[in-house]
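Me: Please take a close look at the salt bridges of this model, and show me how the charged side chains are arranged and how open they are to solvent.

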Amino acid sequence: MADTITMDEFVRRLEELGLDVDAFMDTEVKKLAAEAIKQVRNRTPWETGHLRRNIFVEIVGEGTRNPGAHLYTNVFYAPYVEYGHRQKPGRYVPAIGKRLKKSWVTGKFMFTDGIDATMRKAPAGIQKDLERLISKDLG
């Protein structure tokens, strides 16, 4: 049967080997954040490009044992594109030159699906990078 250890024990063992775990975690968070923003932007509808250009990432907790990334947008209509919205059928919209046909517009879920896709890839990427780090420092 395989030995199991807690995350704290694993980190302690890596530090005993002389590895900088905090720096490794910061690097991994930055890689995942870059991948997440790429995934989200690729899934974002592109009409004028305004929404796609205004998706940002902020790294939080850098240099700690609990780093993370916050993806956000400052575009006011982003939640309507993400989750969908109601509209009034038959209403004429001059901006598009048409009358609305449906009462509900389905969301694109670009943040939800983009982050999910990134998180599915994360374990394999982190394991590969950790193995490379250990073999470089110890091998």
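Reply: A salt bridge is taken here as a side-chain nitrogen of Lys or Arg within 4 Å of a carboxyl oxygen of Asp or Glu. Glu9, Arg12, Arg13 and Glu16 are linked by such bridges in a network. The model is a predicted one, in which local features need pLDDT of at least 70 and side-chain atom pairs count only at pLDDT 80 or more, while totals for chains, interfaces and linings use all residues. Residues are numbered from 1 along each chain as its sequence is written, and side-chain values use heavy atoms, with hydrogens and water left out.

Over the whole structure, a search finds 11 salt bridges. Within the network, Arg13 forms a salt bridge with Glu9, and the closest N and O atoms of this pair are 3.2 Å apart. Helices are DSSP runs (H or I, at least four residues), numbered from the N terminus, and Arg13 and Glu9 are separated by about one helical turn because they stand four residues apart in helix H1 (residues 7–16). For exposure, buried means under 20% relative accessible area, exposed over 50%, and partly exposed in between (1.4 Å probe, protein chains only). Arg13, at 42% relative accessibility, therefore counts as partly exposed, and Glu9, at 23%, counts as partly exposed too.

Helix H2 (21–43) holds further pairs. Glu28 forms a salt bridge with Lys31, with the closest N and O atoms 3.9 Å apart; these two residues are three residues apart in helix H2, so about one helical turn separates them. The partners are placed in separate exposure classes, since Glu28 is buried with a relative accessible area of 6%, whereas Lys31, at 42% relative accessibility, counts as partly exposed. In the same helix, H2, the side chains of Lys38 and Glu35 meet in a salt bridge at 3.6 Å, N to O. Lys38 and Glu35 are likewise three residues apart in helix H2, and therefore separated by about one helical turn. Lys38 has a relative accessible area of 45% and is partly exposed.

As a general background to such pairs, side chains of opposite charge can pair when their charged atoms come close.
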